[in-house]
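This report looks at strand pairing in one sheet and at the make-up of several annotated spans. The sequence and structure come first.

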Amino acid sequence: MEVVIASSPVDAGIGCWDLHSGAEQLRYRSCTSTPHGLACVGQRFLASSQLRDSSSSSGSILYWSWSKPQVEVKSFPAEPIHPLVSNSDGMYIIGGGSSGAIYFWEVASGRLLKRWHAHYRAVTCLFLSDDESLLVSGAEDGCIRVWSLFMVFDDIGMEMAKNPYEYSFSEHTLRVTDMVSGYGGCNAIIVSASEDRTCKVWSLSRGKLLRSIDFPSIIEAVALDPGEHVFYAGARDGKIYIASINAETTSSNSYGKHIIGTLSDNSKGVTCLAFSKDGILLVSGSEDGTIRVWDAKTHNIVRIYRLAKGPVNNVLVVRRPLYSNRQTSENSHSSFSRRHAPLLPPPLGKYVNSTDENVDSGAVSVPQTPSSDIMDAPYLSYHVLTKQISELQVFFIFLS
Amino acid sequence: MARSKPSSSKKQPKRGVDFKKIKRKIGRKLPPPKNATNTEIKSKAIILPEQSVASERAGLAVSKKGLTLKELLQQTSHHNAKVRRDALTGIRDLVLKYPAELTLHKLAIIEKLRERISDEDKVVRETLYQLLKLVIFPALKKDVPGSLISLMMAYIFNGMTHLATDIRLMAFKFFDLVVQHYPSSFFMYAEKVLQNYEDILRKNHIYLQDRSKLKNALVGLVRCLSLLPCNRRTVDPSYGKNTETQGSLHAYELEVPKEHTDFSSIIKRLEDILPILVNCFQDFIPLVHPMSSLDAQSFDCMLYLLRSIDLSVKFFLYGIDKHQTDFGVTKPTYNEKDMPVWGEIATPVFLRKFLEVFPLNQLHNTSGKDEDKFFILNIEITEIFLHSNEWIFTSAILMERFLEFIENLLSGKIRFNSRSGKALQEKHLTSLLPFIPRLVSLVANTWKSRLLQAFTMAFKDCKPESTLNLAFLSAIEEMLLPSKRQGILLLDASEPEILDHQITWIRELPVLLVRLGDTLSSLSKVILHLLLRLGQYAPMNSSLAWEYDIMQHTLGEFYSMCLDDGSILYGPFMKLPKDCQELSVCCLYYFSSLDSLLLRSLVYCCLCDNLEPSVLFRIIDVLHSAYKIGHLQLVDLISFFVTLVARWKVLPGRLYTHVENAKKISNRETFKAITGAVCSCLRQMGDDALIFQIVQRVILDEIPLNPPIDNLCGMLRLLVILDSRPTKLSEQSIIILSNSISEYLIDAASYIPENGDEVTDSNQISICQYYLVPCFFLFDRSDKLLNLVLDLMGSSIGEDNSSLACNHDTQHTLDLSSRIVAVVSILLYMHQDIKIRRRLSSCKGEITRILQKMRLQLIDPCWEQ
C-alpha cells in the first residue's frame, strides 16, 4: 500500500494517507519534526528527528511502529539532528547535526558507527544516491558535499587522501534548502535548491556545475521527474515551478530562463515535494498545513489532505507493508506469539563507543525482525552476529 | 605578298649600280631577297598573344606594378635578390588590395613563399617575415588547415638546420610567428623544435656576440614553453565561471579527443634542454660581475633564459601535481615510485647549483637603471626558486637569502629607481604574492612572523585602486580559509601572532571596500566574495567568526551613514552593480547576530528610490532567513519591516493613469509587492499572537508621524493579516488607530468612484478597494473601532463650528464641503458591503449624529456666501 506520510514542526503528529484511495490511516502522535527530518526506515517503522528548544543541548529522534500511534522508542543524540535519512533496506540511519557533523547509526544495534565533521555550519539536507554508495549533504553555509560511504569508513584512506569528500560544491551563497538526485548512482545529476533563489544542477560524474537557474522566489523543495526531463521546484510564493533539464528552451518567458511553467493553487509557500513511485502523482506540502496531490501530467490537483493548522515540513511517499496479513501467517507457525507489530530496535547511541559496555552486559535484546526482513538485510554487523551466536550457545546449553 | 610585287623588278637596275651587277634572265623568277624576311617577322606582330593578355588584365588583380599574382610568385624565385624582394612587396600590395586572392590561392602562395624561408638574402627574409606577420597570417586567421602549417614547417625545419647562423636564427623567428598565430602547432612539432633549440643553445658561444639574434630565438622559446600546461594560479576561477550551457543537459555529447599531445617526449626533451639553459645563463654571469654596466641585449637574453627555466620548471611541477591528483587519491603510496617519470631526478642538482648565484649583485654602485635590471633578474630567480621549492630542499643559507629578499621586496626596502619603477614593481610583486601563503606555512617560525609582518604592512600600504590588491586578496583568502582543494587550513589560527595578522586583514577589508567606492566593481566583488566565504567557513565560535561579527560595525558605512545633521550619506552599496549587491546582501546572513545599527543603515538603503526592487526583495528574503536560523532578533526584524512599510516613498501616481505616469503606478505596485512580502514573512514567523503584539507596538509608534495614505494602508494590512476575530488590539491602540483611520478614510474617499452603478476605470476601483478593504476587516473585528471612527468623522464635520462660524474663509468652507462629500461617499460605500452593513446597523446613533451635524452645517450662514 502506497501511503503519503507528512509531519509538521508544530505538534500535529504524523499524518498518513493512502495515496490512491485517499483514506486517512493512523495518526502518529507527538511529533514536531525538523525539515527533512522524517524517514521511513526500511518500510518497518517511522523515525523523525525532533525540533528542540535551543536550551537543550541534546537532540532527539523518535520511532513509531506502523501499528501504534504512540512513540515507541526515544533516543537522544549528542546534539540536535536536523535531516534524517535511511537507506532503502533500513540498515542504517544517517543524521546531520547542527554543528555540521554527520552521524551514522546502525539501526539493529543502535550503535553510532561513525561521526564525522562534514560542514562548517548546520547540515540542512541529506540524501543517498540511488545505489546508496554516495551520501550528499547540504549545509546552512550553502556548501554541498558528496561523500563516498566507502571512504568514510576507511580511516587510513581518509588520512592519505587530500580531502575526505569526493566533491565540495560551494557555488550557493545561502542555505541549501533541498536536494534531489537523478538515476544512475555515481553518474547521476543532482539538483539543489538554495535560499539564494537559484536551483543548480550538478553532475556527480564530472563534479561540476551544469546549470544554474534563477527563480522569482526562494525554492524550498525540489522533485525530479522520473524521466529527468524537468524538475519541480516548490517556491515560497506558493507556486511550483517547472524547470526544464532536458528540453531546449531558447526564449525566456515571464518567469525566467529554463522555467517552462508552474503548478499553482494560490496557496501559501510550498515546503516539501515528493513523487509517487509511478512518477505521475506529485505530492506537495504547504505552509498552510495542507498536502496537495497533483497529477504531474495534467497539472491538476487530484486530492487535498489536511494535516494541521501549522505548516507541513515533510512529505514522503512510502510503501507500507500489510502487516496484518503477514503476521497471522507468521503467528501460525511461529512458536513465539507476537500480537503486535515487530519490536522496534533499541535507541540510537549517543557516542561512537558508548554501546560497547551494553553489549558486554548482554542487556540489549536482539532485534526481532520478521524473517523476511532478515532476508532483505543480510549485512548485519559483526557486532550483532557475535551476539546472536552467543545467545544461540546459551540456548544450546539449555537444551543439553 | 611582297615577292609578287612588280615594282621589285623595276628597282633591280638601280641596285646594280651600287653593287655587283647581276644578270638576270627575263621571265625567270627571282629568289627571295634576304632582307625581305624582316618584314615578315615584323608582320608577325610582336608577341601578339601576350599583348592580348595585357588587354584582358583589366579584370585581373594586379599589383602596383601591374603584375599578376602568378607572375609575382614566379618572381619570388628569381635569382636576383632585389627582384625577389620586390616580388614579395608586390604580393603584399596585391593581397592587401584583393583579399579574395589570398583565400583563393592560399595554398599556392604559401607553397611558393615557404621556399624563401631559407633565402640567403637577409632583406628578403625580413620582407617575407613582415609579409607573413602583417598580412597573410592575420588574414588567414580563421581557416588555416593543418596542411598549410605542415607545408611551412618542412621549410622552417630546413632553415633551423641551415649552415648559416643567420638563417638558422631567422627560422626560429619564423617558427615563433607560426606559434603565435596557431598555438596548437607547437605541440605537433614540439619534439623536433625543442631538439633544434637544444642544438642552437648548446653552441651558444658562437652567438654570444650576436645577442639580438639569440634574443629573438629565446623569445620564441619562451612563447613555446608558456604554451605548456602548468598550475595556473588564477585569482579564483569560480567567480567568473560561465555556466551558460547548452539547452539539453542529457544530450549526447560528441566526444572529441582534445589535445592528443604526448607529453612524455616533450618531457624528455625539456630534461635535456634545462641544463643547457642553465649553462647558457651561467655563461652570462661573468659578464655581469666585473662590468659596471649591463647592456640591454644581454640583459634581455638573461631574462628570457630565466623565463624559459621558470616555465620548464613549472611544467615539471604540473606533471607531478597531475600525477598526484590522478592517482594520489586512491593509491597515495605509489607516488614516489612513479614520480621520476616526470623527470625531476636529474634536475635538482644543477638547479641547486644555479640558484646559488642568487642574488645577482653589483660590486660597484652604478646608475639606477642597472640596479633595476639586477632587481628584475633577482625576482625572476626568486620565482624559479619558489616554484621549485616544493621538491628541492635548499640549504638553509640560500633559503635565508631568498627569504630576506622577499621580505625586503614586500616591505619596500628594495625599490625601483626608474620612473616606470612603480608599475614594474607592482607587476613583479603580483607574480610573487601567490607563493606567500605556501611559503609562510612552510618556513620556520621566526621567518613566518617576519614574512607575515612584511605582508601585512604591504597590504595596508597598498592603494585601493592598485592592481596588486587582487593578488593580496587571493593570498589572504588562502591564508584565512581552508583551501578549496585540500580542505585544511594553511595557517594555524590558534597561534596568537598569526591570529593577529588575520584579524588585521579582516578589519582592513570593509575599509578597503568603502574606500574603493564604485570605482572598481570587479575588485569590490572579489572582496565581497572573500567576506562571504569568511562568513561561511569561519569555524563556529572561533575568534575569526567573532571578528566577522565585529565587522558589521564598519560595514554599516558600506551601506549608508546617517550624518549629524540628519541627512543620509549613501555608501558604495547603492552604486555597485547588481551582482555585488547580491553578494553583500548574502554576507548579512552569516553574521551570528545582526546589529541594529547595521539594520538601520540597511533600511536607509532600502528606502532610497534608486535601489532596484529586486535587491530590496532579496534583502527582505535574506533577513527573514537570518531570523529563521536565529541570527536576528525578532523585534529588530519586525521594526525593520514596519519601518520599511511605513516610510517607503510611494510616488503620488494619482487617479488618472495616463501613459506617461505609468512608472509612478508601477511604483505603487512595487509597494504592494513589498507589503505582500513582509506580510508573508510575518505570517511564517510562528507565534501570531506574540508577533501581533510587537507589530502593533511598532506601528503605533509610527502612526503619530502621519504617514502618507499608502504607507498607512500598508501598516493596516500588516495588522489585519496578523489579527484575528475578535480583535486582539488593545483599548489604547484602538483609540489611536481610530484617529488616524477617520482621516485615512476621508483621504481614501477621493478614490471612490462617483456613481456606483456607472462603469468607471477598473484601475480606480481596484485602488479604492485596496485602500478600504483593510479598514473593513478592522471594523468587522471591532465594533468599538467602528463607533469611534464614525464619531470622529462626525465631529470632523461639526467640530469647532462655533469658533469658525464667523470666519468667512472660503477655503475653509470648500474644505468643509469636500469633507462632507467624502464622509457621505464613505458611508455609502460601506453600506454596499454586506458585512459592514450589518455592523453599521448597530451604530445607528453615530450615523444620525453625523447626519445632524451635516444639517447644521447646511443651515450655517457661511453657506450663503
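Strand β5 of chain A, residues 61–65, is joined to β6(A) by 3 bridges, and the two strands run antiparallel. Within this model, which is predicted, A:Tyr63 stands opposite A:Val73 of β6(A).

The pair belongs to an open sheet of 4 strands in chain A, ordered β3-β4-β5-β6, with antiparallel pairing. Its edge strands are β3 (33–41) and β6 (73–75) of chain A, each of which pairs on one side only. From one strand to the next the twist averages 20°. In general, the strands of a sheet pair through backbone hydrogen bonds, in either a parallel or an antiparallel manner.

Two sets of annotated spans come from UniProt. An unreviewed entry carries the annotation "repeat: WD" for residues 116–149, 190–212 and 263–304 of chain A. For chain B, the annotation "domain: TEX10-like TPR repeats", also from an unreviewed entry, covers residues 504–644. The table gives the secondary structure and the separation of the end C-alpha atoms for spans including these.

| Span | Helix | Strand | End C-alpha atoms apart |
|---|---|---|---|
| Residues 190–212, chain A | 0% | 70% | 12 Å |
| Residues 263–304, chain A | 0% | 60% | 14 Å |
| Residues 504–644, chain B | 70% | 4% | 35 Å |

What are the helix and strand contents of residues 504–644 of chain B? This span is 70% helix and 4% strand. Residues 190–212 of chain A, one of the spans annotated "repeat: WD" in the UniProt record, are 0% helix and 70% strand.

Conventions. Residues numbered from 1 in each chain as written. Chains lettered and ligands numbered in written order. Predicted model: local features only at pLDDT ≥ 70, side-chain atom pairs only at ≥ 80, totals over all residues. Heavy atoms only, no water. UniProt positions renumbered as here; feature names shortened; annotations may be inferred. Pairing = 2+ DSSP bridges. Axes fitted to C-alpha atoms, helices over the stretch in contact; angles between N-to-C directions.
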